[in-house]
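I opened this model to go through its sheets, its helix packing and a few loop residues. The notes below follow the order in which I looked things up.

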Amino acid sequence: MSALLDTADALRDQMLALGRAARAASAALATAPGPDKDRALRAAAAAIRANKATIQAANDADLANAGDLSGPLRERLTLDDSRIEAMAKGLEDIADFPDPIGGVLADWTRPNGLNIQRVRVPLGVIGIIYESRPNVTADAGGLCLKSGNAAILRGGSESVQSSRAIAACLAEGLRAAGLPEEAIQLVPTTDRAAVGLMLGMRDVIDVIIPRGGKSLIQRIADESRVPVIKHLDGNCHVYVDAGADLDKARKVALNAKMRRTSICGAAETLLVDQAIADAALPLLVKDLLDAGCAVRGDAATQAVDPRVTAADAADWDTEYLDAIIACGVVDGVDGAIDHINRHGSHHTDSIVTEDAATAERFLLRVDSAIVLWNASTQFADGGQFGMGAEIGISTDKFHARGPVGAEQLTSYKYVVRGDGQTRP
């Protein structure tokens, strides 16, 4: 028992030291000139390219040690030349964006002469807890740096070697720009108790952002004493309306599901207006089945192809993250809106139609962070929005909603300038 207590105390001390170092670094970053932060980002990108072989070898070792990791999680864990280059390019893209810190959001002068400005400031210290995807190490570290925040990164045990190799490149970038290396720290242990400690570190961590499976995110939301920016899952929909261009609908539906099935923006449910089901449903279903996607459907969908299996009640609420989709017929746009608002996760949902009034009704009434018209749900990505990299897609309504980029990792304060005014 004594040895266990000693180990727990040592881990607690280690995490507190990590947090205090991050707090000190955040004070330096909050006032760091934009060009210095951009220099660090570009140097980190160069280090990732220069150490590509090292990062790939680390990832190969992680994959070899991954054991019976599921197909979607293994796909998320895997790095190759294009993904490593995407990490480097993502850091450069972040550097290209204007510095969000210090921006004046509002400026007004009161009748008594007081000038009041609302000014953008960093959040402080951000803890990011994530699974599988080692590229989150680069994206999260880069976005926190750009927004003047220190980052404490806790990656999954399955990606530990990849994350360490990438974090070393970020540290190299910070050194090159003369910024404190403690601005981006990787939790050095895979002990799960470190996550629990982070969730209670209110004195040194200002916000927690989880990236991973629903069980991880739900646990963090339930247990954290630190504010959380989260999304629980991505049960995304494509609705094909009676006014759709069928060729366009087929392309959008297939891409939304099959481009990458393991991302949170992948479509998990296809809904078809009953007014065009006879013509559209067989083609849409055949496209998916022929592409290797399992289709679980309602009675109408099962009738169009013998390869379709019956959907049960759980299928309409499931984020598969795999080549599986639920498919059903609904009574027009209102039926689609009702289905999505009841079964969706308020992440990303799309309508395909040439009817502008119908589209606007859908865009207004679907209660999701991202709603699209005639576009694939796979565009649910900060980079595709022109925001550079992202830490995730928030389905919260407080503070940040949708893609969480550098600007969303800020708050504001009021700066008031006077000339001796006193309040009567």
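Entry 1, helix pair. The model is predicted, and I began with two of its helices. Helix α5 (residues 81-96) packs against helix α6 (residues 135-146) at an angle of about 10°, and the axes are 10 Å apart. Angles under 35 degrees count as roughly parallel, so I logged α5 and α6 as roughly parallel to each other. I then listed the residues that make the contact: α5 supplies M87, L91, I94 and A95, while α6 supplies N135, A138, D139, G142, L143 and K146. By class, the residues of this contact are 6 nonpolar, 2 polar and 2 charged.

Entry 2, hairpin. I looked up how strand β1 (residues 104-109) pairs with strand β2 (residues 115-122), and found antiparallel pairing over 5 bridges. V104 has V119 of β2 opposite it. The two strands, β1 and β2, form a hairpin with 5 residues between them. In the turn, G113 has a positive phi of about 95°.

Entry 3, four-strand sheet. In what order do the 4 strands of the open sheet with parallel pairing stand? I read the order as β5-β4-β3-β6. β5 (184-186) and β6 are at the edges with a single partner strand each, so each has one side without a neighbour in the sheet. On average, neighbouring strands here are turned by 20° against each other, direction ignored. For the pairings, I noted that strand β4 (residues 150-154) is joined to β5 by 3 bridges, running parallel. L153 has L186 in β5 as its bridge partner. Strand β3 (residues 125-130) runs parallel to β6, with 5 bridges joining them. In that pairing I128 is opposite I209 of β6.

Entry 4, burial of an edge strand. Is strand β6 (residues 207-211) largely enclosed or not by the rest of the structure? I found 5 of its 5 residues buried, so β6 is largely enclosed. I checked the faces of β6 separately: V207, I209 and R211 on one side are buried, and so are I208 and P210 on the other.

Entry 5, helices on this sheet. I find α6 lying across β3, β4, β5 and β6, at about 165° to β3. Helix α7 (residues 160-176) lies across β3 and β5, and runs at about 160° to β5.

Entry 6, nonpolar cores. Which residues have the most contacts inside the largest nonpolar core? They are I48 and I128, in a core of 49 residues. I pulled the contacts of I128, leaving aside neighbours within four places in sequence: V136, A140, C144, A151, I152, L153, R154, M198, I209 and I391. I also recorded a second, separate core of 23 residues, including A267, V272, C293 and I325.

Entry 7, seven-strand sheet. I traced another open sheet with parallel pairing, in which 7 strands follow the order β10-β9-β11-β8-β7-β12-β13. Its edges are β10 (309-310) and β13 (370-373), each with a single partner strand, so one side of each lacks a neighbour in the sheet. Strand β7 (residues 236-240) and strand β8 (residues 267-273) run parallel and are joined by 5 bridges. C236 is opposite A267 in β8. Helix α11 (residues 277-290) packs on the sheet and touches β7, β8, β9 (294-297) and β11 (324-330), its direction making about 160° with that of β8. Helix α13 (residues 332-343) lies across β7, β8, β11 and β12 (348-352), at about 175° to β7.

Entry 8, loop residues. I looked up R202 in the loop between α8 (193-199) and β6. R202 has 48% relative accessibility and counts as partly exposed. Not counting residues up to four places away in sequence, R202 touches R225 and V226.

I also looked for positive phi outside glycine. Most residues other than glycine have a negative phi. H346 has a positive phi near 65°; this residue is in the loop between α13 and β12. The relative accessible area of H346 is 28%, which makes it partly exposed. H399 has a positive phi near 70° and lies in the loop between β14 (393-394) and β15 (402-403). At 48% relative accessibility, I entered H399 as partly exposed.

Terms used: Residues numbered from 1 in each chain as written. Predicted model: local features only at pLDDT ≥ 70, side-chain atom pairs only at ≥ 80, totals over all residues. Heavy atoms only, no water. Buried < 20%, exposed > 50% of the residue type's maximum accessible area, 1.4 Å probe, protein only. Pairing = 2+ DSSP bridges. Axes fitted to C-alpha atoms, helices over the stretch in contact; angles between N-to-C directions. Parallel < 35°, antiparallel > 145°, perpendicular 65-115°, else oblique. Contact = heavy atoms within 4.5 Å. Nonpolar A, V, L, I, M, F, W, Y, C, P; charged D, E, K, R; others polar. Core = buried A, V, L, I, M, F, W, Y, C linked by side-chain atoms within 4.5 Å.
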